[in-house]
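Colleague: Before I rely on any of the descriptive terms, I would like to hear how each of them is justified. Could we go through them one after another?

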Amino acid sequence: MRFVKGHGTENDFVILPDPDGALDLTPEAVARLCDRRAGIGADGVLRVVRTKAADIEGAGIDPDIDAGAEWFMDYRNADGGIAEMCGNGMRVFARYLVDAGLAAPGEWDVATRAGLRRVTLGASGDVSVEMGPADVLGPGEATLADAVFQGERVSVGNPHLACRVDGPLAALDLSRAPGFDPAVFPEGVNVEFFRTVGERHLEMRVYERGSGETRSCGTGTVAVAAVAARGMDEPGEWTVDVPGGRVTVALGRGTSRLTGPAVLVAEGETRPGWI
Ligand SMILES: N[C@@H](CCC[C@H](N)C(=O)O)C(=O)O
């Protein structure tokens with residue numbers, strides 16, 4: 001199995017080129033690929049498949065979604081579970097397509113389980129993604145050990161709980177999953193902890209559903225910016241620092257745009273029979 005390894009602000013991915021949809025990618029195979037000791041190691045897998053060849057029904061997306069999007073980003077979390085969207089993954093996915101000569105630099109749509117997402121990129125450099133609306137849905141609660149954190153539930157295509165904290169983020173122990181009410185988040189949730197560090201400038205850590213603590217989460221940065229901007233007439237552009245680097249989030253009426261790096265670092269082939 002051919003693979004490419006890449007990351008966006010150190011949220012890292014195994015990219016699997018599968019243009020014709022020939023791969024039978026089981027949850028177990030994804031978990032083996034993402035295993036940081038026994039596998040290649042990653043926060044998730046990006047299967048690169050032509051939308052027309054994707055098993056749209058099995059993927060649970062709207063069959064109409066292929067209109068205008070040649071490629072479908074089949075995103076999987078490190079535990080093998082499926083997620084609707086991945087913001088950092090989308091930048092890396094787009095960079096891979098251009099690097100491999102499968103798409104030209106410019107502006108085009110990619111299909112995801114959360115709908116179409118428009119990417120903009122040059123032959124090198126940062127990638128921007130139209131992330132759609134970030135819907136702030138109301139209060140929610142997370143726990144870490146005995147501490148309770150109040151947050152806001154946000155949908156960026158996938159579920160988030162963005163919790164503002166006062167103290168240093170480094171003091172939080174994210175070695176274990178935050179607790180949450182499964183009745184409120186029946187599909188699980190990505191939990192962000194963030195604080196304001198300047199004018200429209202945030203710092204964030206995240207515990208991702210299906211992957212654990214990661215160095216960055218693109219949809220998570222959009223979620224925390226949307227919560228921080230609530231009530232502002234002009235939400236504007238936000239800088240979000242994450243352990244793996246920095247991204248910018250531009251908020252508009254019912255839209256959001258994520259911009260940041262996307263880096264391809266290696267490519268290779270798994271040993272025959274290993275997976
Ligand atoms: N790291 C991603 C989000 C990946 C999916 C997430 N773990 C989920 O289950 O919703 C990002 O950059 O957005």
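Colleague: What share of the contacts in the protein with a separation of 6 or more comes from residues 24 or more positions apart?

Modeller: This is a predicted model, and in it residues 24 or more positions apart account for 65% of the contacts with a separation of 6 or more. A pair counts as a contact here if the two C-beta atoms, placed from the backbone, lie within 7 Å.

Colleague: Why is the protein called as compact as a globular protein of its length?

Modeller: The secondary structure comes to 4 helices and 17 strands. The radius of gyration is 18 Å, and the globule rule gives 19 Å for 275 residues; the two values are close, so the protein is as compact as a globular protein of that length. Along the principal axes, the C-alpha atoms fill a box of roughly 50 × 40 × 30 Å, and 45% of the 275 residues count as buried.

Colleague: How is the protein divided into domains, and what is the make-up, by class, of the side of domain 1 that touches domain 2?

Modeller: Domain 1 takes in 2-132 + 261-269, while domain 2 covers 135-253. Their C-alpha centres lie 23 Å apart, and 21 residues of domain 1 are in contact with 17 residues of domain 2. On the domain 1 side of that contact there are 7 nonpolar, 10 polar and 4 charged residues.

Colleague: Where does UniProt place the feature "active site", and what makes one say that these positions cluster in space?

Modeller: The UniProt record, an unreviewed entry, places the feature at Cys 86 and Cys 217. They are spread over 132 residues of sequence, yet the largest C-alpha distance is 7.6 Å, and in that sense they cluster in space.

Colleague: How do you know whether Cys 86 is buried or exposed?

Modeller: The cut-off for buried is 20 or more other C-beta atoms within 10 Å; Cys 86 has 32, so it is buried. Cys 86 sits in the loop between β4 (71-77) and α3 (87-99), and, leaving aside neighbours within four places in sequence, it is in contact with Gly 44, Tyr 75, Gly 218 and Thr 219.

Colleague: And why does Cys 217 count as buried or exposed, whichever it is?

Modeller: Cys 217 has 36 C-beta neighbours inside 10 Å, and because the cut-off is 20 or more, it counts as buried. The loop that holds Cys 217 runs between β13 (212-214) and α4 (218-228). Not counting residues up to four places away in sequence, Cys 217 touches Asn 11, Asn 88, Asn 190, Val 206 and Glu 208.

Definitions and conventions
Residues numbered from 1 in each chain as written. Predicted model: local features only at pLDDT ≥ 70, side-chain atom pairs only at ≥ 80, totals over all residues. Helix = DSSP H or I, 4+ residues; strand = E, 2+ residues; numbered from the N terminus. Rg over C-alpha atoms; globule rule 2.2 N^0.38 Å. Buried ≥ 20, exposed ≤ 12 C-beta atoms within 10 Å, placed from the backbone. Domains from an automatic or database assignment. Nonpolar A, V, L, I, M, F, W, Y, C, P; charged D, E, K, R; others polar. UniProt positions renumbered as here; feature names shortened; annotations may be inferred.
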